[in-house]
Amino acid sequence: MTIEEYIEDIDPEKKAAFIQLMQVIDANIPDGFEKEIQYGMPSYVVPKSRYPDGYHCDTSLSLPFIAIAAQKSNIAVHHLGIYADSELLSWFQAEYPNYMTTKLNMGKGCIRFTNPKKIPYELIGELASKITVDQWISQYESSFKPKKLK
């Protein structure tokens with residue numbers, strides 16, 4: 001599946017919001033991340049050319065960073081950075097009420113928007129801009145990557 005095919009299959013009520021969300025991330029994510037389909041959804045990853053070790057859960061995959069999904073009940077932003085970095089998570093949780101009147105709906109690293117007309121694009125753009133490829137690799141290696149035995 002390609003990103004274009006993914007977008008074609010999105011519910012018409014969510015399609016414009018999803019495209020705008022992807023455009024905001026595209027415009028704000030630091031250089032070096034690439035966009036591809038991973039785990040069935042558009043994902044921003046550190047390419048294998050930059051990080052050959054890949055993702056520890058499946059080393060054939062590029063290192064994931066952000067994924068976005070149009071699901072039956074919401075549009076989701078899966079951000080591994082807020083999952084791994086408690087300071088970034090705290091920043092996001094503190095900023096959210098400055099952009100939204102609704103309660104934050106999120107899991108460990110998944111932010112869910114049940115109303116496609118109420119997505120804080122500016123906040124998501126700022127979130128996407130906060131971690132460079134080098135910072136993400138360092139954070140990933142200290143937070144997720146299994147330690148090699150000596």
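Let's start in the sheet: histidine 78 in strand 4 is the bridge partner of alanine 67. Strands here are DSSP runs of E with at least two residues, helices are runs of H or I with at least four, and both are numbered from the N terminus.

Some ground rules. This is a predicted model, where local features need pLDDT of at least 70, side-chain atom pairs count only at pLDDT 80 or more, and totals for chains, interfaces and linings use all residues. Residues are numbered from 1 along each chain as its sequence is written, and side-chain values use heavy atoms, without hydrogens and water.

Back to the strands. Strand 3 and strand 4 (residues 75-79) pair antiparallel over five bridges; pairing takes at least two DSSP bridges. Four residues sit between these two strands, and together they form a hairpin. Strand 2 also runs antiparallel to strand 3, joined by four bridges. There, valine 46 stands opposite leucine 63 of strand 3.

How enclosed is strand 3? Seven of its eight residues are buried, so the rest of the structure largely encloses it. Buried means under 20% relative accessible area, exposed over 50%, and partly exposed in between, with a 1.4 Å probe and protein chains only.

Next, the rings. The whole structure holds eight aromatic pairs. The cut-off is ring centres within 6.5 Å for Phe, Tyr and Trp (its six-membered ring); planes under 30 degrees apart are stacked, over 60 edge-to-face, the rest tilted. Take tyrosine 51 and tyrosine 140: centres 6.0 Å apart, planes at 90 degrees, so edge-to-face. They are 89 residues apart, with tyrosine 51 in the loop between strand 2 (41-46) and strand 3 (63-70), and tyrosine 140 in helix 6 (residues 133-143). Both tyrosines, 51 and 140, are buried. They belong to one aromatic cluster with Phe33, Tyr55, Phe65 and Trp136.

A second pair is tryptophan 91 with phenylalanine 92: centres 6.4 Å apart, planes at 50 degrees, so tilted. Phenylalanine 92 is buried, at 0% relative accessible area. Lysine 130 lies over the face of tryptophan 91, 4.5 Å from the ring centre. That label needs NZ of Lys or CZ of Arg within 6 Å of the ring centre and within 35 degrees of the ring normal.

Last, the helices. Helix 4 (residues 86-99) and helix 5 (residues 121-129) pack at about 160 degrees, axes 10 Å apart. That makes the two helices, 4 and 5, roughly antiparallel; the classes are under 35 degrees roughly parallel, over 145 roughly antiparallel, 65 to 115 roughly perpendicular, and the rest oblique. Axes are lines fitted to C-alpha atoms, for helices over the stretch in contact, with angles from 0 to 180 degrees between N-to-C directions.
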